[in-house]
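Me: I'd like to go through this model and ask what stands behind the labels. Can you set the values against the cut-offs for me?

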Amino acid sequence: MAVDRERVAALVRELLEAIGEDPERPGLRLTPQRVADAYGEFFAGVGTDAAAPLAHTISITRGPAPDTLPSGAVMLRDIRFRSVCEHHLLPFRGHAHIAYLPGEQVVGLGALPKVVDILASRPQVQERLGEQIADTIAGSLDARGVLVVLEASHECVTMRGERQTGASTVTIAARGEFVDPVARAELMVLLGTPRS
């Protein structure tokens, strides 16, 4: 479902009037269309299938080294993401770290950031975003375990209320073997200090 940019622009114009501004003044004249274009990008994931990037898998046992099966996790760290908090429509941004224990199939590493981007490009809360990423990967691959760690800074915390400019939020979503904290301990050590 594409964002209705014309409607968004009209609503932004009305919002500007509601806060006492003149949407016709030179600095604001193009703002409604700019916001509509930005929302088209920010919310491009609405209605998009997040599992689609994981549709093409690679067989480990039928590949170039059929006798080699991975014994440990595949981890992709520091995937940058940005989203918009559904509570205040303010941005939050940070890094996603994804690990999974492959079964017979693996996926190209470039597919994982695509999953993150699709799910983050919706009105979100960080807690649900991590769970959705984990569910999408677990449901699409024959992974024995999935771990998703998100580190993010939320403008609803840094710019309003108590204005905690240095605060960041860390969430963890685990599936399969990684539900056990002992099983995921090595991966948490590899993640090291949060870098938001």
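Reply: Sure. This is a predicted model. Let's start with helix α3: seven of its 10 residues are buried, so α3 is largely enclosed by the rest of the structure.

Me: Which residues of α3 are buried?

Reply: The buried ones are A111, L112, V115, V116, I118, L119 and A120.

Me: And what covers the buried residues of α3?

Reply: The cover includes α2 and α4 (126-140), along with the strands β2 (74-85), β3 (91-101), β4 (105-107) and β5 (123-124).

Me: Take A120, then. What makes A120 count as buried?

Reply: Its relative accessible area is 1%, and buried means under 20%, so A120 gets the label. A120 is found in helix α3, which covers residues 111-120.

Me: What is A120 in contact with, leaving aside neighbours within four places in sequence?

Reply: F42, F81, R82, S83, V84 and L129. A contact here means heavy atoms within 4.5 Å.

Me: How far apart are A120 and F43, in sequence and in space?

Reply: They are 77 residues apart in sequence, and their C-alpha atoms are 8.3 Å apart in space.

Me: Let's move to the rings. How many aromatic pairs does the structure hold?

Reply: Three. One of them is Y39 with F42, at 6.3 Å centre to centre and 40 degrees between the planes.

Me: Why is the pair of Y39 and F42 called tilted?

Reply: Two checks. The 6.3 Å between centres lies within the 6.5 Å limit, so the rings pair. The 40 degrees between the planes is neither under 30, which would be stacked, nor over 60, which would be edge-to-face, so the pair is tilted.

Me: Where do Y39 and F42 lie?

Reply: Both are in helix α2 (residues 31-42), three residues apart, which is about one turn of the helix.

Me: What makes the pair of Y39 and F43 edge-to-face?

Reply: The ring centres are 5.2 Å apart and the planes stand at 85 degrees. That angle is over 60, so the pair is edge-to-face. Ring pairs link Y39, F42 and F43 into a cluster.

Me: How do you know which of the three are buried and which partly exposed?

Reply: Go by relative accessibility. Y39 has 24%, so Y39 is partly exposed, and F42 has 27%, so F42 is partly exposed too. Both values sit between the 20% and 50% limits. F43 has 9%, so F43 is buried.

Me: On to the cysteines. How many disulfides does the structure hold?

Reply: Zero.

Me: Why do C85 and C156 not count as a disulfide?

Reply: The sulfur of C85 has its closest cysteine sulfur in C156, 4.3 Å away, which is too far for a bond. A disulfide needs the sulfur atoms within 2.5 Å. From the other side, the closest cysteine sulfur to that of C156 is the one in C85.

Me: Are C85 and C156 buried or exposed?

Reply: Buried, in both cases: C85 has 5% relative accessibility and C156 has 15%. The limit for buried is under 20%.

Me: Now the backbone. What makes D78 stand out?

Reply: D78 has a positive phi of about 55 degrees although D78 is not a glycine. D78 is found in strand β2 and is partly exposed, with a relative accessible area of 30%.

Me: And what about the phi of L89?

Reply: L89 also has a positive phi, about 55 degrees, and is not a glycine either. L89 sits in the loop between β2 and β3. With a relative accessible area of 45%, L89 counts as partly exposed, because exposed means over 50%.

Me: What about the chain as a whole: how many helices and strands?

Reply: Six helices and seven strands, in the order α-α-β-β-β-β-α-β-α-β-α-β-α along the sequence. The C-alpha atoms fill a box of roughly 70 × 35 × 20 Å along the principal axes.

Me: How much of the chain is buried, and how much area does the chain expose?

Reply: Buried residues make up 38% of the 196 residues. The chain exposes about 10,800 Å², with carbon and sulfur atoms supplying 55% of that area.

Notes. Residues numbered from 1 in each chain as written. Predicted model: local features only at pLDDT ≥ 70, side-chain atom pairs only at ≥ 80, totals over all residues. Heavy atoms only, no water. Phe/Tyr/Trp six-rings, centres within 6.5 Å; stacked < 30°, edge-to-face > 60°. Helix = DSSP H or I, 4+ residues; strand = E, 2+ residues; numbered from the N terminus. Buried < 20%, exposed > 50% of the residue type's maximum accessible area, 1.4 Å probe, protein only. Areas by Shrake-Rupley, 256 points an atom, 1.4 Å probe, with all protein chains shown as cover.
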